[in-house]
Structures are given as C-alpha cells and as structure tokens.
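Let's take a walk through this protein together. Have the sequence and the 3D view open, and we'll start from one strand and work outwards.

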Amino acid sequence: MSLFPNLLLSLFLLIGVCNGRTKKIEEGHVQMQTQTLNTNPTHFNPQVPPLRTLSSSKRFEGSSEFVKLKYHMGPVLSSPINIYLIWYGKWPQSQKLLIKDFLLSISASDRRVSPSPSVSDWWQTVSLYTDQTGANISRSVSIAGEYADLHYSHGTHLTRLSVQDVIATAVHAKPFPVDHRNGIYLILTAEDVTMEDFCRAVCGFHYFTFPSKVGYTLPYAWVGNSGKQCPELCAYPFAVPGYMGGGGPGQLTPPNGDVGVDGMISIIGHELAELSSNPLVNAWYAGEDPTAPTEIGDLCEGLYGTGGGGGYIGSVMKDGEGRTFNLNGRNGRKFLVQWIWSPILKACAGPNALD
Ligand SMILES: *[C@@H]1O[C@H](CO)[C@@H](O)[C@H](O)[C@H]1NC(C)=O
C-alpha cells in the first residue's frame with residue numbers, strides 16, 4: 001500500500017463518542033427490576049441521557065439483516081496475545097492494578113476466581129472470529145511487559161503520529177521487547193495528557209506502527225484517562241453532560257469508584273476486541289471504506305445488557321452499595337463493559353444477557 005501522509009491521518013480508527021439520539025423511548029418500556037437476596041446483585045436497566053453529538057456514531061442497537069460485517073482476508077490475533085503496557089505519565093498504583101485486573105481477567109485460563117458473567121465469558125464473543133485458515137482469535141491474553149514513561153518523553157500533548165514515537169521509545173528501552181509475533185502495545189495516557197481529537201472525536205483508537213517510526217509493524221491501541229478532561233463523553237455512563245446538571249438520573253455509580261478509569265475499561269475492552277479482529281485493518285469490519293471501518297465494538301457502543309437502546313443501556317447489575325456492573329473479574333473485581341457484535345447471533349452479545 002502506498003499511502004500519502006494526509007490519507008494516513010484519516011486512516012486511524014476512531015471510537016466515535018456516543019451519539020445523541022433523537023429516537024423516542026418507546027411507551028410502555030418497563031424497567032427490569034428484580035429484587036433478590038442482598039448477597040445477589042439487583043438487575044436494572046437504567047435510562048441514561050444521550051450525549052451531545054460530536055461525531056457520527058456508529059452505534060447500532062440490536063440485530064439487523066442490514067449490518068454487513070465482512071471478512072477481508074487479513075489476519076486476526078489467533079496466537080496467545082501478549083499485551084505490552086505503556087503507562088504514559090504519572091499513574092497511581094491503584095489505578096494500574098485496576099486496569100491490570102481487567103486485562104488479566106480476559107484469559108479463559110483464569111476462570112477460578114471469576115463467577116459468571118465474567119470478563120472471560122465476555123471475550124468468548126470475540127473469540128468467535130476466525131481468519132481464512134479457520135483459526136479463532138485466541139482466548140489467552142497476558143501482560144507480557146510494562147513500561148512506565150514517567151517523564152512524558154514526548155510531551156503532555158500527543159498526536160496520532162507522535163504516539164508511535166512513544167512506542168518507539170519504549171521498545172528501544174531494554175528490557176521491553178519488540179514482540180512482532182504475538183505482541184500488541186497498549187498505550188494508556190494519564191489524565192493530564194491531551195491527545196489529538198481526544199474529547200472531540202475519540203476516546204481511544206487502534207492502528208499499527210510504521211516500520212519507519214518503530215522498526216516494525218506492531219498492532220497498538222491508545223486509550224486516555226478522561227477523568228478530568230471529558231468524563232461526560234468518554235466515561236459514559238458514569239458521568240453525564242454538564243447541561244444535564246451532573247449527578248442527574250443518568251449518572252451511574254462506577255463499579256470501582258473511579259469514574260475516569262472505570263470508564264476507560266470499557267473503552268479498553270472495545271479497542272482490544274477490535275484490535276484482535278482487525279489488527280492490520282484488513283480483516284473484520286463493515287462498510288465499504290477501509291479508512292472509516294465500522295468494527296465489532298463500534299456496532300455495540302453504549303449497550304451493556306439485554307433491552308438496551310432508546311436511551312437505555314440494557315439490563316445490568318447493581319451491588320449492595322449501588323455500584324453498576326455487568327461482568328465479574330479476578331480478585332472480586334466488577335466491571336461495566338460494552339457488548340460486542342457476535343458473528344453467530346448477528347447481534348450484540350454479552351454474557352449477562354437475560355434471554
Ligand atoms: C471458533 O469460531 C467458530 C466460528 O465462529 C465457532 O463456531 C467456534 O465455537 C469458535 N471456537 C472457539 C474455541 O471459540
């Protein structure tokens with residue numbers, strides 16, 4: 001592929017921030033509410049105010065014959081996935097542990113501690129995607145290395161291209177390796193780091209590095225902590241837009257008490273699902289335009305359970321302290337993560353489905 005720089009800039013895959021929708025809530029839509037013993041979580045289907053429209057959302061509710069998700073013959077991540085984490089800026093240890101607990105909950109090998117519906121059950125939908133040899137996306141995901149860029153080696157404002165310099169700096173710092181067989185690189189920026197288009201058009205994106213910058217073609221994803229910058233956009237549904245008066249009916253209590261990081265975890269899940277099914281942007285996506293593909297996470301943005309849509313996020317759970325979640329993870333953690341498009345059901349799917 002011969003690409004011009006201006007085309008490159010438009011090639012990056014975006015998560016559109018959640019789109020404000022005008023669709024009316026259907027009359028008679030009854031909220032799911034079942035009361036159980038206090039050791040069990042309560043199911044509910046909260047209505048969350050729609051967000052301002054900052055970019056066209058690709059969110060698609062429910063199932064449809066019209067979603068033409070296609071396989072374009074490229075590879076998927078079918079070997080055990082090694083995640084290399086790059087912590088850019090100052091990250092409190094507690095936030096790092098929370099994100100790592102989510103990532104380490106994905107692997108099917110670590111089921112012992114997570115009751116269903118678990119993060120590992122959630123990844124099962126992702127593992128239904130195959131490549132042309134019939135190999136599925138791997139169910140084994142581990143953290144193979146971590147690098148802390150405490151001194152903001154490329155400044156506190158990053159761009160879509162300079163984020164590749166961050167990866168280059170990290171992989172050149174021994175012993176952090178270039179793993180061009182099973183490696184994916186996940187760059188997580190602290191809440192004081194700004195990113196081109198962050199909070200205006202994107203909450204995260206994934207792409208691959210250029211040999212001219214990093215020496216290899218390495219799939220990577222970037223996700224930023226929106227806690228201070230734009231929680232109402234990127235930490236949906238834990239924060240609501242200011243004009244809704246914050247703390248309104250749509251604001252849900254995050255499962256780990258951290259609006260920015262709990263919001264980030266769903267975006268990380270979205271990006272990992274897409275990176276695994278479309279690592280070189282030539283595998284699984286819908287739409288005719290590979291520069292603006294609609295991928296398996298995009299189709300289900302804002303959906304977390306059964307009965308979502310029309311302003312509802314779907315049936316999720318609430319623990320004794322009112323914290324909202326839909327998945328269990330290791331170390332007793334709970335997470336709220338969006339659903340993923342299933343190639344079998346041809347619909348958004350998740351392990352907390354009620355039917
Ligand atoms: C692999 O993908 C196929 C097709 O989606 C699916 O039927 C099968 O259950 C998957 N296998 C695993 C181990 O996930």
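**Starting from a buried strand**

Strand β7 is mostly covered, with seven of its seven residues buried. Keep in mind as you look that this is a predicted model. You'll find β7 at residues 183-189, and the burial holds for both of its faces. On one side sit G183, Y185, I187 and T189, and on the other I184, L186 and L188, all of them buried.

So who are the strand's partners? Which strand joins β7 through seven bridges? That's β4, and the two run parallel. To find the register, look for I83, whose bridge partner in β7 is I184. β7 also pairs with β10, again in the parallel sense, this time over five bridges. Here Y185 is a handy marker, as it stands opposite Y220 in β10. As a general reminder, strands of a sheet pair through backbone hydrogen bonds, either parallel or antiparallel.

Now bring in helix α4, which spans residues 162-172. Its buried residues are V163, Q164, V166, I167, A168, A170 and V171. What covers them? The cover includes the strands we've just met, β4 (81-88), β7 and β10 (219-224), along with β5 (141-149), β6 (157-158) and helix α5 (211-214).

I86 is a good residue to click on next. Leaving aside its neighbours within four places in sequence, I86 is in contact with V166, I167 and A170, with Y185, L186, I187 and L188, and with Y147 and D149. I86 also turns up, together with I167 and I187, among the residues with the most contacts inside the largest nonpolar core, a set of 90 residues. Which helix gives the most to this core? It's α7 (residues 259-277), with nine residues.

Just zoom out for a second. The protein has seven helices and 17 strands, and buried residues make up 46% of its 355 residues. Among contacts between residues at least 6 apart in sequence, 73% join residues at least 24 apart.

K90 lies in the loop between β4 and α2 (93-104). Is K90 buried, exposed or partly exposed? It counts as partly exposed, because it has 14 C-beta neighbours inside 10 Å, where 20 or more would make a residue buried and 12 or fewer would make it exposed. Setting aside neighbours within four places in sequence, K90 is in contact with L150 and A190. Compare its position with that of V193, too: the two are 103 residues apart in sequence, yet their C-alpha atoms are 9.6 Å apart in space.

There's another sheet to look at, an open one of three strands in the order β2-β12-β13, with antiparallel pairing. The edge strands, β2 (42-44) and β13 (324-325), each pair on one side only. Three bridges join β2 to β12 (residues 316-318), and within that pairing F44 stands opposite V316.

Finally, find the ligand. Which residues surround it? They are S127, L128, T130 and N136, plus P343 and I344 from much further along the numbering. By class, this shell has three nonpolar residues, three polar ones and no charged ones.

Technical notes:
Residues are numbered from 1 along each chain as its sequence is written. This is a predicted model: local features need pLDDT of at least 70, side-chain atom pairs count only at pLDDT 80 or more; totals for chains, interfaces and linings use all residues. Helices (H or I, at least four residues) and strands (E, at least two) are DSSP runs, numbered from the N terminus. Two residues are in contact if their C-beta atoms, placed from the backbone, lie within 7 Å. A nonpolar core is a set of buried Ala, Val, Leu, Ile, Met, Phe, Trp, Tyr and Cys residues joined through C-beta atoms within 7 Å. A residue is near a molecule or strand if its C-beta atom, placed from the backbone, lies within 6 Å of it. Ala, Val, Leu, Ile, Met, Phe, Trp, Tyr, Cys and Pro count as nonpolar, Asp, Glu, Lys and Arg as charged, and the others, Gly among them, as polar. Two strands pair if DSSP finds at least two bridges between them.
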